[in-house]
Amino acid sequence: MEVAYSKEYEQVIDAEKAYELFWEGIISDYRDFTCAALGCDAQVTLANAKRERHSMKQRPNFRCYGEHEIFCIQKKKKKMKCLDILILGSHKRIRKKGLTKSDYQSRMCSNNRQSEYRTIMPIVNKYIDYKKSDLLDDHEIMNQGKKMSYDKMFIQLEGEFDLFTNFNRVYYGSAKIVKLSGKGDYIVFFSKKIKYKDNYFKPTAYVSKKIIKNSYRNKLWAKELSTLADEKKAVNVFIYGTPVVKNCDEKEYLNIQICHAKLDLVDVRRDC
């Protein structure tokens with residue numbers, strides 16, 4: 001099932017949003033969902049709710065373990081077009097009127113809905129799925145007020161680049177994470193060289209102790225980064241931000257600056 005109704009949150013939401021809310025503590029019971037259709041209260045559970053992202057073999061999804069009503073529109077399994085929205089700013093979630101069962105019924109007819117996220121983890125999951133299915137151009141996301149395809153939202157750090165802009169996107173690639181001795185800071189070293197303005201760079205990203213401290217779920221991030229640095233293995237790193245060429249000791253470096261200097265807009269995958 002793509003969506004379900006949360007009795008705690010009192011809105012129809014998708015599984016990625018439900019997972020985000022569960023880990024924020026806003027939803028406490030991953031089994032307290034029902035079918036999203038009006039008049040149908042079939043019981044639904046959020047699978048993989050308790051698993052951390054890196055240990056998942058399958059992304060969060062809804063599973064129905066109750067009986068749908070005969071008239072239930074969800075039984076038709078019609079897929080709705082969804083516009084994803086990345087929300088920047090404070091991580092404090094402001095409660096506002098969301099999608100009720102009645103609203104969802106209406107939008108089923110118009111084949112249109114929206115889903116808001118405050119971290120990039122859900123959209124990275126969707127990007128990986130869409131890429132495997134060759135559907136990157138068919139799905140859109142609202143990024144800083146601009147609607148774009150998932151294909152334009154994600155940029156792989158390899159090959160040749162003609163232009164970098166100040167417009168935030170998700171930059172990603174294989175990388176190793178190294179801890180700086182005595183500081184508690186980390187550097188992300190991306191594996192592949194890229195060509196930019198006739199120069200070759202190996203992109204990096206700097207994760208300071210301050211960035212870790214200011215991030216949501218900072219204790220989990222501190223533990224995860226320490227583990228990755230100890231393992232010394234390449235992982236896939238996704239960073240929502242902007243690339244900047246800097247000069248240091250008469251040498252140029254290309255650094256991916258993390259948007260808002262918070263790890264809420266970073267994701268690390270061991271296998272994807």
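Which residues in helix 3 are buried? Keep that in mind for the third view; this is a predicted model, and the legends start with the whole protein.

**View 1. The whole protein, with its 6 helices and 19 strands.** Here you have the full chain of 272 residues, and 46% of them are buried. The C-alpha trace spans about 70 × 40 × 30 Å along its principal axes. A compact globule with 272 residues would have a radius of gyration near 19 Å, and the protein has 20 Å, which agrees. Take the contacts with a separation of 6 or more: residues 24 or more positions apart account for 65% of them. As for the outside, the accessible surface comes to about 14900 Å², and carbon and sulfur atoms hold 48% of that.

**View 2. Helix 6, residues 218-231, and its two sides.** This helix has 14 residues and reaches 20 Å from its first C-alpha to its last, close to the 20 Å expected at 1.5 Å a residue. Its buried residues are Trp 221, Glu 224, Leu 225, Leu 228 and Ala 229. Look down the axis of helix 6 and the buried residues fall within an arc of 130 degrees, so they line one face of the helix. On the face turned away from that buried side sit Lys 219, Lys 223 and Asp 230, which are exposed. Just after helix 6 comes Lys 232, with a positive phi of about 55 degrees.

**View 3. Helix 3, residues 121-132.** Back to the opening question: the buried residues here are Met 121, Pro 122, Ile 123, Val 124, Asn 125, Lys 126, Tyr 127, Ile 128 and Tyr 130. That makes 9 of the 12 residues of helix 3 buried, so the helix is largely enclosed by the rest of the structure. From first C-alpha to last, helix 3 reaches 17 Å, close to the 16 Å expected at 1.5 Å a residue. Just past this helix, Asp 134 takes a positive phi of about 60 degrees.

**View 4. The largest nonpolar core, with its 30 residues.** Val 207 and Leu 263 are the members that touch the most others in this core. Helix 6 gives the most to the core, with 4 residues. Zoom in on Leu 263 and, leaving aside neighbours within four places in sequence, you'll find it in contact with Val 207, Ile 211, Ile 212, Ser 215, Trp 221, Leu 225 and Ile 258. There's also a second, separate core of 20 residues, which includes Tyr 117, Val 124, Tyr 150 and Phe 154.

How values were computed:
Residues are numbered from 1 along each chain as its sequence is written. This is a predicted model: local features need pLDDT of at least 70, side-chain atom pairs count only at pLDDT 80 or more; totals for chains, interfaces and linings use all residues. Side-chain values use heavy atoms; hydrogens and water are left out. The expected span of a helix is 1.5 Å times one less than its number of residues. Buried means under 20% relative accessible area, exposed over 50%, partly exposed in between (1.4 Å probe, protein chains only). The arc is that of the directions from the helix axis to the C-beta atoms. A nonpolar core is a set of buried Ala, Val, Leu, Ile, Met, Phe, Trp, Tyr and Cys residues joined through side-chain atoms within 4.5 Å. Contact means heavy atoms within 4.5 Å. The radius of gyration is taken over C-alpha atoms; the globule rule is 2.2 Å times the number of residues to the power 0.38. Accessible areas come from the Shrake-Rupley method with a 1.4 Å probe; for residues, only the protein chains shown count as cover.
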